[in-house]
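User: I'd like to learn how to read a protein model feature by feature. Could you walk me through one, starting with the charged side chains?

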Amino acid sequence: MLHELLRREGLVVNKKRTYRLYRELKLQVRTKQRKKLNRPRIPMQMPDGVNQRWSMDFVSDALFNGKRFRALTIVDAYTRECLAIEVDQGIKGEQVVETLAGLETRRGLPVRIRVDNGPEFISKALDRWAYEHGVTLDFSRPVASRIVV
C-alpha cells in the first residue's frame, strides 16, 4: 500500500527500491493498537443532487440448507434508490469493481462512495478503480494503519 501511495505521488517507481528505503529507515508496521482519540463527531453532509454520494455495504443470510450467501447493495444517498444488488456466496473486490463498472455505463459515476472497512472495500482492485475514475472512497471509520508514511 505504501508503494502504491508513493507511486501516485510520482516519488518511487520500483517496489524493491521502496522496500529497501523502508528497511534503511527502519520503519515498521505498527503492531500495537493505538489509543482511541476522543474526537468530536463531524456531522455528515447531505448530498445536494443525484450521483454525489453512493453507499455500499453487504448483507448476508442463509438458505434453508444452511448455505450462506452475501448481497452487495449500492444505494444513491440522495434519491435513496437502490442502484444494484449483487448476490453470491462470496463476493471479492474484483466483483465489486465489475458491478461499479456496469453502473458507470447505465448511470454515471458518483463523486464519492461511502463504505466500511470490510476486506472487499479496502482491496487493491477497488482502490485502483476509484483512483483511475476519480471517485473518493469515504470510509466510515478511518483506520490509522492505512495512513502509514
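Analyst: Sure. Start inside one helix: E24 and R20 both sit in helix 2 (residues 15–24), four residues apart, about one turn of the helix. Their side chains meet in a salt bridge, at 3.3 Å from N to O. Keep in mind that this is a predicted model.

User: What's the general idea behind such a pair, and how many salt bridges does the structure hold?

Analyst: In general, side chains of opposite charge can pair when their charged atoms come close. Here, the structure holds nine salt bridges. As for the setting of the one we just saw, R20 is partly exposed, with a relative accessible area of 42%.

User: Which residue forms a salt bridge with E81?

Analyst: That's R107, and the closest N and O atoms are 2.7 Å apart. E81 lies in the loop between strand 2 and strand 3, while R107 is in helix 3, so the pair ties together parts that are 26 residues apart in sequence. E81 counts as partly exposed at 36% relative accessibility, and R107 also counts as partly exposed, at 24%.

User: Which residues are joined into one network by salt bridges that share partners?

Analyst: E4, R7, R8 and D127. Take one link of it: D127 forms a salt bridge with R8, with 2.7 Å between the closest N and O atoms. This pair links distant parts of the chain, since D127 is in helix 4 and R8 in helix 1 (residues 2–9), 119 residues apart. R8 is partly exposed, with a relative accessible area of 22%.

User: Okay, on to helix packing. How do I describe two helices that touch?

Analyst: Two packed helices are described by the angle between their axes and the distance between the axes. For helix 3 (residues 93–107) and helix 4 (residues 124–133), the angle is about 30° and the axes are 8 Å apart. That makes helix 3 roughly parallel to helix 4, because angles under 35 degrees count that way.

User: Which residues make the contact?

Analyst: On the helix 3 side, G93, E94, V96, V97, L100 and E104; on the helix 4 side, A125, L126, W129 and H133. Sorted by character, the residues of this contact divide into six nonpolar, two polar and two charged.

User: Now the sheet. In what order do the strands come?

Analyst: Read across the sheet, the order is 3-2-1-4-5: five strands in an open sheet with mixed pairing. Strand 3 and strand 5 (136–139) stand at the edges, each with a single partner strand, so one side of each is left without a neighbour in the sheet. On average, neighbouring strands are turned by 25° against each other, direction ignored.

User: Mixed pairing, you say. Which strands run parallel, and which pair in the antiparallel sense?

Analyst: One parallel case is strand 1 with strand 4 (residues 112–115), joined by three bridges. There, W54 has I113 of strand 4 as its bridge partner. For the antiparallel sense, look at strand 2 (residues 68–76) and strand 3 (residues 82–88), which pair over six bridges. In that pair, I74 stands opposite A84 of strand 3.

User: How many residues lie between strand 2 and strand 3 in their hairpin?

Analyst: Five, and R80 in the turn has a positive phi of about 60°, although R80 is not a glycine. R80 counts as exposed, at 62% relative accessibility.

User: And N51: what is its phi, and is N51 buried or exposed?

Analyst: Phi of N51 is near 65°, again a positive value in a residue other than glycine. N51 lies in the loop between helix 2 and strand 1 (53–62). At 14% relative accessibility, N51 counts as buried, because the cut-off for that is under 20%.

User: Last one: how does helix 3 lie with respect to the strands?

Analyst: Helix 3 lies across strand 1, strand 2, strand 3 and strand 4, and runs at about 150° to strand 3. T99 is a good residue to click on here. T99 belongs to helix 3 and counts as buried, at 11% relative accessibility. Leaving aside neighbours within four places in sequence, T99 is in contact with L72, I74, A84 and E86. Two of those names should ring a bell: I74 and A84 stand opposite each other in the strand pairing.

Technical notes
Residues numbered from 1 in each chain as written. Predicted model: local features only at pLDDT ≥ 70, side-chain atom pairs only at ≥ 80, totals over all residues. Heavy atoms only, no water. Pairing = 2+ DSSP bridges. Helix = DSSP H or I, 4+ residues; strand = E, 2+ residues; numbered from the N terminus. Axes fitted to C-alpha atoms, helices over the stretch in contact; angles between N-to-C directions. Parallel < 35°, antiparallel > 145°, perpendicular 65-115°, else oblique. Contact = heavy atoms within 4.5 Å. Nonpolar A, V, L, I, M, F, W, Y, C, P; charged D, E, K, R; others polar. Salt bridge = Lys/Arg side-chain N within 4 Å of Asp/Glu carboxyl O. Buried < 20%, exposed > 50% of the residue type's maximum accessible area, 1.4 Å probe, protein only.
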